[in-house]
Amino acid sequence: AATVRFSNSPPDPSAADFLSPAKGMAIHFHQPDGSISHQVCTTVPMFVTKDPKTFIDMLKILGSHKTGIHSVDLGLGVAKLLTTFPEHKNTLLTLKEQLKQPPISYAALNYYPIHAFYLVNAEGKRQSIKYEWHPLKDEKSPSILENIHLSKNNLHEDLEKRVEKGSVGFELYIRIGEDTDPTDDPTDKWPSDRQK
């Protein structure tokens with residue numbers, strides 16, 4: 001069995017669901033022996049920084065701009081991050097791009113880990129991997145103008161409706177790393193041609 005929790009990226013619970021730039025999915029796998037294993041992933045396939053201090057500095061910049069329905073201010077915050085941390089351009093531009101295309105549902109997004117992992121076989125051989133969760137149903141997100149009249153809790157409400165009608169499904173993919181793929185830098189996205 002598994003327990004899944006979806007989340008928005010800003011810590012402000014009053015922020016509108018459809019205007020936060022990234023979403024999260026945490027999974028607890030309940031093992032037959034009673035133990036639990038965890039996966040934590042986001043809709044951005046790489047992390048914004050590889051060290052905690054820079055991440056805190058970034059949060060301070062974003063915190064100086066309003067979030068939630070004030071999407072223009074959040075866009076200005078991302079722009080300020082781009083000028084302050086140009087080395088993180090790829091990730092920050094991905095976040096900015098997600099602001100332009102609000103999600104229709106937590107259940108219609110791809111989720112990626114922050115870190116790389118190793119699978120170890122019976123002989124002790126390690127294989128670097130990254131996992132990906134893809135929704136079973138592919139749906140096009142509406143434009144921001146279509147979202148303008150939605151409830152600020154629309155993703156939560158949508159998820160409840162989907163679960164009442166049936167189930168929400170994802171497929172788990174494992175992307176196989178090569179020797180040249182970094183396993184210690186969450187800002188570096190692996191090439192898309194890796195075996196999946």
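**Close-up views of a predicted model**

**Figure 1. Strand 5 (residues 117-120) and strand 6 (residues 126-135) pair in the antiparallel sense over 4 bridges.** Two strands are taken as paired if DSSP finds at least two bridges between them; strands (E, at least two residues) and helices (H or I, at least four residues) are DSSP runs, numbered from the N terminus. The model is predicted: local features need pLDDT of at least 70, side-chain atom pairs count only at pLDDT 80 or more, and totals for chains, interfaces and linings use all residues. Residues are numbered from 1 along each chain as its sequence is written, and side-chain values use heavy atoms, with hydrogens and water left out. Within the pairing of strand 5 with strand 6, F117 stands opposite I129, and L119 stands opposite Q127. The two strands form a hairpin with 5 residues between them. In the turn of this hairpin, G124 has a positive phi of about 90°.

**Figure 2. Strands 5, 6 and 7 form an open sheet in the order 5-6-7.** The pairing in this sheet of 3 strands is antiparallel. Strand 5 and strand 7 (170-176) are the edge strands, and each pairs on one side only. On average, neighbouring strands of the sheet are turned by 50° against each other, direction ignored. Axes here are lines fitted to C-alpha atoms, for helices over the stretch in contact, and angles run from 0 to 180 degrees between N-to-C directions.

**Figure 3. R175 is a buried residue of strand 7.** R175 counts as buried because its relative accessibility is 11%; buried means under 20% relative accessible area, exposed over 50%, and partly exposed in between (1.4 Å probe, protein chains only). The side chain of R175 reaches the backbone oxygen of R194 at 3.1 Å. A polar contact of this kind is a pair of N or O atoms within 3.5 Å; within protein, one must be able to donate a hydrogen and the other to accept it, and residues adjacent in sequence count only if both atoms are side-chain atoms. Not counting residues up to four places away in sequence, R175 touches S128, I129, K130 and E132, as well as W190, P191, S192, R194, Q195 and K196. Contact means heavy atoms within 4.5 Å.

**Figure 4. Strands 1 to 4 form an open sheet in the order 1-2-3-4.** The pairing in this sheet of 4 strands is antiparallel. Strand 1 (2-8) and strand 4 (112-113) stand at the edges with a single partner strand each, so one side of each has no neighbour in the sheet. Strand 1 is joined to strand 2 (residues 23-30) by 7 bridges, and the bridge partner of V4 in strand 2 is I27. Strand 2 is in turn joined to strand 3 by 7 bridges, with F29 opposite S37. These two strands form a hairpin with 5 residues between them, and G34 in the turn has a positive phi of about 95°. Strand 3 (residues 36-42) pairs with strand 4 over 2 bridges, where C41 stands opposite P113.

**Figure 5. F47 lies in the loop between strand 3 and helix 1 (52-63).** F47 counts as partly exposed because its relative accessibility is 23%. The C-alpha atoms of F47 and P113 are separated by 8.8 Å, although the two residues are 66 residues apart along the chain. Not counting residues up to four places away in sequence, F47 touches F55, T91, I114, P186 and T187.

**Figure 6. Helix 5 (residues 154-165) has 12 residues.** From its first C-alpha to its last, helix 5 reaches 17 Å, close to the 16 Å expected at 1.5 Å a residue; the expected span is 1.5 Å times one less than the number of residues. The buried residues of helix 5 include N154, L155, D158, L159 and R162. These residues lie on the same side of helix 5 because they cover an arc of only 135° around the axis; the arc is that of the directions from the helix axis to the C-beta atoms. An α-helix has 3.6 residues a turn, so residues three or four places apart point the same way. The face of helix 5 turned away from its buried side carries the exposed residues K161 and E164.

**Figure 7. A107 is located in the loop between helix 3 (89-100) and strand 4.** A107 is buried, with a relative accessible area of 6%. Not counting residues up to four places away in sequence, A107 touches P135, R162, V168 and F170. A107 and S167 are 60 residues apart in sequence and 9.8 Å apart in space, C-alpha to C-alpha.
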